[in-house]
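Reader: Hi, I am new to this one and would like somebody to walk me through it. Could you put it up so that we can look at it together?

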Amino acid sequence: MSAGEPEIEGLRLAGRASALGSLLKFFATGADRPVLQDSAAVDTLFRYHRVRVMVAITLCYGVIYTCRLALGVVKKPLIDAGVFGPAELGMIGSALFYAYAIGKLTNGFLADHANIKRFLALGFLLTALCNVGMGFSTTVALSVLLWGLNGWFQSFGAPSSVVAITAWFSNRERGRVYGLWSTAHSIGEGLTFLVVGAVVAVLGWRWGFWVPGLIGIVMAAVAYRFVQDRPRTLGLPTVADWRNDHYAQVSTQQQSTFATQLSIVKIAPIWILALASSTIYITRYAINSWGVLYLQEARGYSLTMAGTLLMISTIAGMVGAISYGFVSDKVFHARRPPTNLVFAIVELAGLVLIFFGPANTSVLIVGMVLFGIGLTGLVTALGGLFAVDICPKRVAGAAMGLIGIFSYLGAAIQENVSGHLIERGMTVVDGVRTYDFSTVIWFWLGSSLLSMLLAACLWRVKLHD
């Protein structure tokens with residue numbers, strides 16, 4: 001090594017450290033500004049930004065949701081074309097959920113420290129590009145890689161959105177606001193089952209990835225334009241101070257954000273909630289991932305009609321998400337457990353009608369409506385809102401991340417187990433495939449029942465400011 005080589009290597013390392021520091025600084029939340037003293041200006045700015053933030057995170061997250069559900073729509077075309085089998089599709093699908101589970105935990109912690117505008121827009125852009133790449137892939141290894149990366153980048157979305165909600169909306173309005181934001185899941189599901197399903201029926205499976213990807217790029221730009229960083233970075237007070245809406249508990253503001261994040265692992269109800277969420281996510285993604293195939297093969301519906309029926313459940317889900325927030329806030333005074341029980345019973349009733357009801361489209365529609373209302377209400381609570389209630393609000397991203405890793409591990413396990421159970425029940429005679437879904441149906445139903453029982457254990461849990 002020459003005399004100058006250590007100096008050159010040192011400069012390279014310093015340059016890399018500087019580049020990393022610049023990147024972290026770009027994505028870090030802004031510094032707090034002095035609070036504006038003009039109360040009228042504060043009121044105007046809060047109202048202006050709250051509307052823009054809420055519309056952006058709901059609509060953009062809803063549309064970008066199609067980028068994680070597209071695989072469920074193209075499964076039958078891929079199987080029929082001999083590109084992938086059910087077990088291979090289960091492997092590809094589970095890659096998204098495993099990556100999402102880990103990413104939701106790590107990115108949930110990062111979201112508490114991040115400039116949400118930039119963090120959210122980047123995640124949307126990268127998940128869109130992964131979908132574009134999936135439209136070109138016909139090998140298992142490449143598809144697993146791309147779909148896994150898609151899951152990682154998708155995991156930027158929910159924690160960032162919830163951090164934005166807790167930053168801009170106070171305790172006693174959060175149930176309604178969170179319920180409204182949760183309609184994004186239903187918006188995404190509806191667009192996937194109806195619009196993407198129609199695109200696939202006409203143009204083929206590749207366009208089932210390309211269309212969500214191209215639209216997702218546009219949504220990334222919209223999110224960057226309308227989402228804002230925390231109120232304090234704009235010279236506004238915290239939303240709790242602005243609304244004078246604090247829970248009567250000891251504040252944790254003396255602790256650092258990271259120390260408060262770590263403290264949530266000591267909150268016992270969080271772990272029960274995580275298990276309840278993981279089991280309801282098994283049923284949620286079972287229907288999202290395999291519902292189109294079930295309706296085509298077990299009920300004989302076309303791809304377009306199967307997508308339409310599932311879209312009905314997503315429209316009902318929008319009602320469920322919004323109604324959950326209002327019922328829990330207004331009827332049960334922000335107590336989630338009684339509302340959870342009501343919505344769990346509705347969801348189970350819908351599943352029973354879907355799988356065991358008479359072979360009648362009208363009955364199936366009723367089942368889809370009940371399932372959509374009940375499931376989305378439960379996902380609203382168990383998948384995030386209840387965790388935000390239990391944990392300190394300034395670490396909402398970390399709370400979402402902890403719940404998220406369990407939720408999506410459940411979804412990932414579901415994808416593998418469901419794929420193998422469905423393939424085991426599949427027979428091919430003279431080139432004609434037939435399916436026996438009986439075993440996998442009990443797996444899905446049992447998961448919902450277990451979730452209801454676990455959530456009921458949290459009946460007297462205390463809330464946290």
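Author: What follows is a talk through this predicted model, beginning with the whole chain and moving on to salt bridges, helices and single residues.

Reader: Okay, how many helices and strands does the chain have?

Author: The chain has 17 helices and 2 strands. Of its 465 residues, 56% are buried.

Reader: And what supplies the area that the chain exposes?

Author: The chain exposes about 18,400 Å², and carbon and sulfur atoms supply 69% of that area.

Reader: What about contacts between residues at least 6 apart in sequence, how many of those join residues at least 24 apart?

Author: For contacts of that kind in the chain, the share joining residues at least 24 apart is 84%.

Reader: Let's switch to charges. How many salt bridges does a search of the whole structure find?

Author: The search finds 5 salt bridges. In general, side chains of opposite charge can pair when their charged atoms come close.

Reader: Which side chain does aspartate 32 meet in a salt bridge?

Author: Aspartate 32 pairs with arginine 232, with 3.9 Å from N to O. This pair links distant parts of the chain, since arginine 232 sits in the loop between helix 9 (205–226) and helix 10 (239–243), while aspartate 32 sits in the loop between helix 1 (5–27) and helix 2 (39–64), 200 residues apart. There is also a network of salt bridges here, in which Asp32, Arg230 and Arg232 are linked.

Reader: Is aspartate 32 buried or exposed, or in between?

Author: Aspartate 32 counts as partly exposed, because its relative accessibility is 44% and the partly exposed class runs between 20% and 50%.

Reader: Which side chains meet lysine 76 in salt bridges?

Author: One of them is aspartate 80, at 3.2 Å from N to O, and another is glutamate 297, at 2.7 Å from N to O. Glutamate 297 and lysine 76 link distant parts of the chain, with glutamate 297 in helix 12 (residues 268–297) and lysine 76 in helix 3, 221 residues apart. Aspartate 80 and lysine 76, on the other hand, both lie in helix 3 (residues 66–80), 4 residues apart, which is about one turn of the helix.

Reader: How accessible are aspartate 80, lysine 76 and glutamate 297?

Author: Aspartate 80 is partly exposed at 44% relative accessibility. Lysine 76 is partly exposed too, with a relative accessible area of 21%, and glutamate 297 is partly exposed at 25%.

Reader: Staying with helix 3, at what angle does it cross helix 6?

Author: The axes of helix 3 and helix 6 (residues 140–154) cross at roughly 145 degrees and come within 10 Å. From helix 3 the contact is made by Cys67, Arg68, Ala70 and Leu71, and from helix 6 by Trp147, Asn150 and Gln154. By type, the residues of this contact divide into 4 nonpolar, 2 polar and 1 charged.

Reader: Now helix 7, how many of its residues are buried?

Author: In helix 7, 12 of its 12 residues are buried, among them Gly157, Pro159, Val163 and Trp168. Helix 7 (residues 157–168) reaches 17 Å from its first C-alpha to its last, close to the 16 Å expected at 1.5 Å a residue.

Reader: Where is leucine 458 found, and which residues is it in contact with?

Author: Leucine 458 is found in the segment after helix 17 (438–456). Leaving aside neighbours within four places in sequence, leucine 458 is in contact with Pro269, Ile272, Leu273, Pro337 and Phe386. The C-alpha atoms of leucine 458 and leucine 273 are separated by 7.8 Å, although the two are 185 residues apart along the chain. Leucine 458 counts as buried because its relative accessible area is 2%, and the cut-off for buried is under 20%.

Reader: And is leucine 24 buried or exposed?

Author: Leucine 24, which lies in helix 1, is exposed, with a relative accessible area of 55%. Its C-alpha atom is separated by 9.0 Å from that of alanine 114, which is 90 residues away along the chain.

Reader: Last one, where is alanine 240, and is it buried or exposed?

Author: Alanine 240 has its place in helix 10 and counts as buried at 17% relative accessibility. Apart from neighbours within four places in sequence, alanine 240 is in contact with Asp245 and His246.

Definitions and conventions: Residues numbered from 1 in each chain as written. Predicted model: local features only at pLDDT ≥ 70, side-chain atom pairs only at ≥ 80, totals over all residues. Heavy atoms only, no water. Salt bridge = Lys/Arg side-chain N within 4 Å of Asp/Glu carboxyl O. Buried < 20%, exposed > 50% of the residue type's maximum accessible area, 1.4 Å probe, protein only. Contact = heavy atoms within 4.5 Å. Areas by Shrake-Rupley, 256 points an atom, 1.4 Å probe, with all protein chains shown as cover. Axes fitted to C-alpha atoms, helices over the stretch in contact; angles between N-to-C directions. Nonpolar A, V, L, I, M, F, W, Y, C, P; charged D, E, K, R; others polar. Expected span 1.5 Å × (residues − 1).
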